[in-house]
Amino acid sequence: MTMQVTSMMKRFGETEVLRGIDLNVRDGELIALLGPSGSGKTTLLKIIAGLDWPDAGSLSVDGEDWLRVRAQDRRTGFVFQHYALFPHMKVRDNIAFGLNVMPKDRRPPAAKIAAKVDELLQFLQIAHLGGRYPAELSGGQRQRVALGRALAIGPKVLLLDEPFGALDAAIRRDLRRWLRDVHDKTGTTTIFVTHDQEEAFELADRVVVMGAGRIEQVGTADEIFDHPASPFVARFLGATVELPVILRAGRAEAPGLDASMLERRALPDGFATLFLRPAEIDLQRDDASPFRIRQITSTGALRRVMLDGTGIVLEAELPRQRGADPLKVGDHVRLRPDAGRIFPGAARKAPPAPIPLKKETHR
Amino acid sequence: MTARRLLIAAALISTLFLVVVPLAYIFSRAFGQGWAAYQANILHPDTLHAIWLTAVVAVIVLPINIAFGIAAAWLVARFRFWGRGLLVLLIEIPFSVSPIIAGICYLLLYGRQGLLGPLLLENGIQILFAVPGIVLVTMFVTSPFVAREVLPLMEAQGSEQEQAAVTLGASGWQIFRRVTLPNIRWALLYGAVLCAARAVGEFGGVSVVSGSIRGQTNTLPLQVELLFNDLNVVGAFAAASTLTLIALVALAVKTLLDRQH
C-alpha cells in the first residue's frame with residue numbers, strides 16, 4: 001500500500017492542529033510520527049483511519065481518494081494507547097470481532113474464523129490467553145491482543161497511537177522488538193505515533209518529526225539525529241544547550257568555545273546559534289574562559305556539570321572521572337564540543353557582545 | 001461510645017417508624033378482615049381493571065423511555081454541539097418540576113378549552129380523561145431515569161471502543177448491539193427498574209389528566225385514593241399492598257443490580 005497525504009489542514013476551533021501536511025508512505029514501510037504532545041501527530045493518524053476529517057487537503061491510498069471512503073471500509077488496523085479492548089468479550093472474541101461483523105456474503109465461515117484466531121494467538125505468542133477476559137491480562141498482554149484484533153482484518157495499513165505509552169520501560173523494550181518482528185513478518189505498512197525518540201529511532205524505517213502542526217523533518221534515525229533540519233528538531237532531539245555564536249568563514253566563535261572539532265559550515269558570516277547535546281560537550285580547564293563550574297552531580301555512569309557564564313546557564317555530561325586532576329566547582333573551563341548543529345540567526349538568547357577581532361581564535 | 005450508640009439507636013428508631021411500621025401496617029390492614037375479604041377486594045372488577053391499566057401504561061412507557069434515554073445519553077456523551085448544555089437541562093426538567101404541573105400543562109394543552117384539544121376532538125382523538133393522557137403524563141414524569149443512569153457511564157467510558165469497532169468495519173447498528181449496549185447494560189437495567197417503579201406509582205400528574213373514571217381511567221394509585229375516600233379501608237389497603245409489592249420487587253431487583261456492578 002502506498003499513501004499520499006497532501007496539504008492537509010485541520011483546526012479545532014481556534015487551534016490549528018495540522019498546518020499543511022505533505023507525506024508519502026511507501027509500501028511495507030514502518031513509519032514513526034514523532035513529536036511533542038500537541039504537534040498534531042495523533043490527529044493525522046485519526047484522519048488516516050477515518051475517525052476524524054481534515055478541513056482541507058487530500059489523502060490518497062493506492063490512487064484511491066480515501067476521504068470519500070467510510071472508516072468502516074478503509075480496513076485500517078487501529079491500535080489505541082489504552083487498548084480499547086471490548087471488556088465483555090474474551091480475548092478470542094475480541095480478535096475475531098472484525099471478522100464477525102463482516103457482511104454475510106463476505107464473512108468467512110465460523111470454523112475459518114476460529115482457525116484464523118488460533119493462528120494469530122500463536123503468532124502473537126498469547127495462545128494461552130484466548131479464553132481470558134481483558135481485565136485478567138497485564139498491560140503488555142492487552143496491547144498484544146489489541147494488535148491481534150487489528151491484524152485479524154488483514155489491514156491495508158496498521159496505525160498505532162502511542163502503542164507502548166501506558167507500559168513500563170522493560171515491557172516497552174520487549175514489545176518494541178516484538179512489533180518490529182511482527183512488521184517484518186507480515187509486511188504490513190505501519191504508521192505509529194510516539195513522543196519517545198528512542199522508540200521512534202529504534203523501530204522505524206523512517207521517522208517523521210512533527211511540531212506544531214507541521215512536518216519538521218523526514219528521514220532515517222541517523223539523518224535526523226546528526227543533521228536536524230531546524231532548531232525545533234535539534235531541541236527536540238536533546239540539543240538543550242543553545243550557544244549564541246558568531247560565524248566567521250563557516251566556523252563558530254564565542255568566548256570560552258573551542259569549535260575546532262566541528263566541521264566548517266557553508267553558512268554566511270554573522271550571528272548564529274550553536275545547538276549542543278550535553279553529552280557532546282567536553283570541558284577543558286581554561287582560566288581565560290568565562291564559563292565557571294557551579295555544580296557537579298553524579299548519575300553513577302555520568303557526571304552532570306552545570307556551568308554559567310556570558311549570561312547563560314548550560315549543562316554538560318562527562319564520562320566518569322578518570323585521571324589525577326578532576327574538575328572542581330569554581331573551575332573555569334572552555335567548551336570543546338565534538339558535534340553540534342549551527343542555525344543562522346539568534347535563537348532564544350541575545351548574542352554575546354562582539355568579540356574583538358583576533359587573527360586566530362580558539363584553535 | 002455512648003454518643004455513637006445513641007445515634008445508632010436514633011437511626012434505627014426513626015427507620016422503624018418511618019419505614020417498617022407503615023409498610024407492615026399496609027399489610028396488616030389489608031389482611032385485617034382475613035384472606036377472603038382481601039381476595040374479594042383485589043378481585044373486584046374496578047381494582048382488577050386498575051391493576052391492568054397500570055400495567056398497560058408501564059408496558060407502553062418503559063420501552064419508549066428506554067429508547068429515549070439511550071438516544072439522549074448517546075447524543076450528549078458522544079457529540080459536542082450548540083445547545084448541548086440546554087439539552088442536559090431539558091432532560092432533567094421532569095425531575096425538578098412537580099408532576100402536578102405537568103398534568104396541568106397537558107390539561108391546558110389538550111383540554112376542551114385548550115390549545116390543541118378542540119382540533120384533536122374534531123378528529124375523534126381524545127387525549128384527556130383517557131389512556132393516551134395517562135401515558136403521556138407518565139412518560140413525561142419518568143423520562144429522565146434511564147438517561148440519568150446511562151449518561152455518566154457513557155461519558156466515563158469514552159468512545160475509544162466504538163472507534164475501534166468502526167475501524168474494524170462494524171456498522172452503526174453492530175457497534176450499538178455488540179459494543180455500546182453490553183457496556184451500559186447494568187446501568188440501563190437499573191434505570192429501567194427505577195423508571196418502571198415510578199411509572200407504576202405515579203399519582204400527581206396522572207390524577208389531573210385521568211379523570212378517575214372507575215373501571216376505565218383509574219390507575220392503581222388513583223384506585224387506592226378512591227377506595228380510601230369511599231371509606232373502604234380493606235379495599236384501599238389491599239390495592240395499596242399490590243403497589244407496595246411491586247415497589248418491593250423493584251427495590252430487590254435494584255439492590256441485586258447494585259451488587260452486579
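Two strands are counted as paired if DSSP finds at least two bridges between them. Strands (E, at least two residues) and helices (H or I, at least four) are DSSP runs, numbered from the N terminus.

This is a predicted model, in which local features need pLDDT of at least 70 and side-chain atom pairs count only at pLDDT 80 or more, while totals for chains, interfaces and linings use all residues. Residues are numbered from 1 along each chain as its sequence is written, chains are lettered from A and ligands numbered from 1 in the order in which they are written, and side-chain values use heavy atoms, with hydrogens and water left out.

**Figure 1. A hairpin in chain A, made of strands E16 and E17.**
Let's begin with a pair of neighbouring strands. E16 (residues 302-309) and E17 (residues 312-319) of chain A run antiparallel, and eight bridges hold the pairing. To find your place in the ladder, look for Asp308(A), which has Val313(A) of E17(A) opposite. Two residues lie between the strands of this hairpin, and Thr310(A) has a positive phi near 45°.

**Figure 2. Strand E7 of chain A, with E6 and E8 as pairing partners.**
E7(A) pairs with E6(A) in parallel through four bridges. Its pairing with E8 (residues 189-194) of chain A is also parallel, over five bridges. Val157(A) is a handy landmark: Thr76(A) has Val157(A) as its bridge partner in E7(A), and Val157(A) also stands opposite Thr189(A) in E8(A).
How many of the five residues of strand E7 (residues 157-161) of chain A are buried? Five of the five are, so the strand is largely enclosed by the rest of the structure. Here buried means under 20% relative accessible area, exposed means over 50%, and partly exposed is in between (1.4 Å probe, protein chains only). The cover extends to both faces of E7(A), with Val157(A), Leu159(A) and Asp161(A) buried on one side, and Leu158(A) and Leu160(A) buried on the other.

**Figure 3. Thr76(A) and the residues that it touches.**
Thr76(A) belongs to strand E6 (residues 76-79) of chain A. Is Thr76(A) buried or exposed? Thr76(A) is buried, because its relative accessible area is 0%. Leaving out residues up to four places away in sequence, the contacts of Thr76(A) (heavy atoms within 4.5 Å) include Ile48(A), Ala49(A), Trp66(A), Ile153(A) and Pro155(A). Val157(A) and Leu159(A) are also touched by Thr76(A), as is Thr167(B) from the other chain.

**Figure 4. The interface of chains A and B.**
Here 22 residues of chain A are in contact with 18 residues of chain B. The size of an interface is often given as the accessible area lost when the parts come together. In this case the two chains bury about 1,700 Å² between them, and carbon and sulfur atoms account for 63% of it; buried area is the accessible area (1.4 Å probe) that two parts lose on being put together, summed over both. Which three residues supply 39% of the area that chain B buries against chain A? They are Thr167(B), Leu168(B) and Arg178(B), and no other three residues supply more.

**Figure 5. Gln161(B), with contacts in both chains.**
Gln161(B) sits in helix H9 (residues 160-167) of chain B. Gln161(B) counts as buried because its relative accessibility is 15%. From chain A, Gln161(B) touches Ala84(A), Leu85(A), Phe86(A) and Pro87(A), and from chain B it touches Val179(B) and Asn183(B), not counting residues up to four places away in sequence. Thr180(B) is 19 residues from Gln161(B) along the chain, with 8.3 Å between their C-alpha atoms.

**Figure 6. The two chains as a backdrop to the close-ups.**
Chain A has nine helices and 19 strands, whereas chain B has 13 helices and zero strands. Of the 363 residues in chain A, 49% count as buried; for the 261 residues of chain B, the share is 40%. The C-alpha atoms fill boxes, taken along the principal axes, of roughly 85 × 45 × 35 Å for chain A and roughly 70 × 65 × 35 Å for chain B. Among contacts with a separation of 6 or more, residues 24 or more positions apart account for 69% in chain A and 71% in chain B.
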